[in-house]
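Student: Could we go through the ligand sites of this model together? I would like to begin with the surroundings and then turn to the contacts.

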Amino acid sequence: MPGTCVVGLQWGDEAKGKIVDLLTRPGHIVVRYQGGANAGHTVVVQGQTYKLSLVPSGILRPGVECVITGGVVVDPGILLQEIRELQTRGVEVQGRLRVSDRAHVIFPWHVEEDRIFGQRASEEGEAIGTTLRGIGPCYRDKVGRYFAVRMGDLLRPGVEERILRIAEEKNRALQARDPSFQPLDGQAIAQQYRQWAEQLRPFVSDTTEFLLSALEQGRQVLFEGAQGSLLDVDHGTFPFVTSSNSSALGVCAGAGVPGKFITQIIGVAKAYTTRVGGGPFPTEQNNPIGEHLRERGREYGTVTRRPRRCGWFDAVAVRYAARVSGVDVLALTLLDVLSGLPEVKICTGYRIGGELTNSFPSHAEDLARAEPVYETLPGWQQPIDHIRQVEHLPREARAYVDRIGELIERPVEVISVGPDRSQTMFLHASQKQSA
Ligand code: GDP
Ligand code: IMO
Ligand code: MG
């Protein structure tokens with residue numbers, strides 16, 4: 001059975017893009033099943049860095065087909081820009097990328113709503129700190145249905161009138177919310193989106209049908225998660241989450257693919273923890289340790305350039321994420337960033353209101369009160385980014401990786417020690433052969 005899912009086990013930016021690129025071979029299909037241009041996936045190929053937002057990371061491997069499914073929310077302007085940038089850099093996209101006609105479309109009012117509601121929320125308490133890409137408002141309109149437009153609608157006659165009607169309603173609502181709001185020009189938006197739709201027409205089709213046929217024929221399909229399992233709208237640290245099912249649970253509904261086709265789930269976790277935006281983060285280090293991680297790991301947001309919050313590896317959170325996402329094996333990334341620390345810590349439990357627990361709380365307020373209980377391991381001083389065989393890692397680094405595998409109760413199959421494809425180690429022969 002042919003489906004593999006690569007999913008983040010923390011709050012995003014676990015280096016999913018690198019792992020997806022690494023596992024992709026000619027003939028494979030790589031699929032984005034949720035999220036949108038809030039994602040920023042970095043792939044480094046022969047010293048060239050590519051930052052992908054909507055286009056699946058498989059695009060950088062010749063002979064691979066890519067799919068943006070109906071579970072994704074698409075900003076057509078951003079998608080076209082990304083396609084053009086790839087083409088300018090010599091990456092063939094036409095004929096290799098399919099965009100679902102079921103995918104919902106992000107409009108300028110969604111971005112405005114993201115900004116205005118976000119501002120209001122931050123005045124009232126801790127802000128979610130979204131990427132301001134209009135993701136949440138677009139998903140809200142999808143579920144609400146009245147103001148929703150899908151990629152397939154954009155290609156049909158009469159859509160301009162519908163966009164105009166929605167723009168009027170949105171302008172009224174946004175002005176009521178924020179009197180300084182400058183109304184959006186519905187006419188101009190309708191024209192612009194029609195133009196973009198024509199440019200995207202060659203890419204748009206029924207991707208559910210395509211994927212079902214591919215899977216029934218036994219083709220290898222790789223589902224590329226965006227964000228991370230702890231940002232999942234249902235199972236993450238609500239309300240400090242994104243608006244889609246960013247755990248592996250999102251694959252079926254997002255891509256239109258029955259669960260029986262998904263036979264392997266690879267959970268990607270950083271060797272420490274980062275988070276962008278608001279929300280509880282028990283192992284956060286607002287101190288020189290956090291600065292070491294941020295500077296050595298170049299922890300600045302791919303999409304927004306915001307400095308990422310940094311802290312120790314949280315085995316309670318990752319174990320929960322691995323269970324929710326049904327993870328079979330782990331890919332541990334950015335291990336090189338820990339070099340030079342005298343000791344390294346792993347959070348193995350939380351103390352909440354005096355009670356010790358190793359289960360992940362369902363309420364963000366309980367997580368915010370959690371005091372991490374740490375296990376301390378010796379660090380290693382030497383750089384490891386040049387190491388290609390696990391046996392050559394410093395003993396302390398090996399012990400750290402082994403302990404993480406034990407605590408998460410899954411084998412670590414992949415270790416990444418740098419952004420480049422070559423800076424990767426596979427721990428078992430089966431992975432080496434399939435990679
Ligand atoms: P994604 O959103 O999960 O694909 O991850 P991002 O691309 O947002 O962030 C991961 C960052 O770490 C990128 O800048 C990668 O180039 C970089 N990276 C990936 N793997 C490694 C690694 O093993 N070590 C180091 N130092 N950097 C890495
Ligand atoms: P990748 O795929 C890290 C975070 C935002 C914010 C919250 C909600 O690169 O791992 P949204 O714009 O989605 O409504 O923001 O989710 N967030 C991410 N953090 N990596 C991402 O994507 C993220 N996508 C959204 O910072 O806290
Ligand atoms: Mg990212």
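Tutor: The following exchange takes the two ligands in turn; please note that the model is predicted.

Student: How many residues surround ligand 1, and which are the closest?

Tutor: Ligand 1 is surrounded by 18 residues, and the closest are Lys16, Gly40, Thr42, Asp336 and Ser416. By class, five are nonpolar, seven polar and six charged.

Student: Which element supplies the largest share of that shell?

Tutor: Helix H1 does, with three residues. H1 spans 16–23, and both this helix and strand S3 (41–45) supply at least two residues each.

Student: What lies opposite the oxygen atoms of ligand 1?

Tutor: A polar side-chain atom of Thr42 is 2.6 Å from one oxygen atom of the ligand. A polar backbone atom of Ala15 lies 2.9 Å from an oxygen atom of ligand 1, and for a polar side-chain atom of Arg308 the distance to a ligand oxygen is 3.3 Å. Taken alone, ligand 1 exposes 580 Å², of which the protein buries 91%.

Student: Which pocket does ligand 1 sit in?

Tutor: It sits in the second largest pocket. The largest pocket is the space taken by ligand 2.

Student: Turning to ligand 2, which residues come nearest?

Tutor: Of 20 residues around ligand 2, the nearest are Asp13, Lys16, His41, Thr131 and Thr242. This shell has seven nonpolar, 10 polar and three charged residues.

Student: And where are the polar atoms around ligand 2?

Tutor: An N or O atom in the His41 side chain lies 2.7 Å from an oxygen atom of ligand 2. A polar side-chain atom of Arg306 is 3.1 Å from an oxygen atom of this ligand. The protein buries 98% of the 550 Å² that ligand 2 exposes when taken alone.

Notes
Residues are numbered from 1 along each chain as its sequence is written. Chains are lettered from A and ligands numbered from 1 in the order in which they are written. This is a predicted model: local features need pLDDT of at least 70, side-chain atom pairs count only at pLDDT 80 or more; totals for chains, interfaces and linings use all residues. Side-chain values use heavy atoms; hydrogens and water are left out. A residue is near a molecule or strand if one of its heavy atoms lies within 4 Å of it. A polar contact is a pair of N or O atoms within 3.5 Å; within protein, one must be able to donate a hydrogen and the other to accept it, and residues adjacent in sequence count only if both atoms are side-chain atoms. Accessible areas come from the Shrake-Rupley method with a 1.4 Å probe; for residues, only the protein chains shown count as cover. On a 1 Å grid over the protein atoms alone, a cavity is a set of points where a 1.4 Å probe fits but cannot get out, and a pocket is an open set with protein on both sides within 12 Å along at least five of seven lines; lining residues have an atom within 4 Å of a point. A molecule sits in a cavity or pocket if more than half of its atoms lie within 2 Å of its grid points. Helices (H or I, at least four residues) and strands (E, at least two) are DSSP runs, numbered from the N terminus. Ala, Val, Leu, Ile, Met, Phe, Trp, Tyr, Cys and Pro count as nonpolar, Asp, Glu, Lys and Arg as charged, and the others, Gly among them, as polar.
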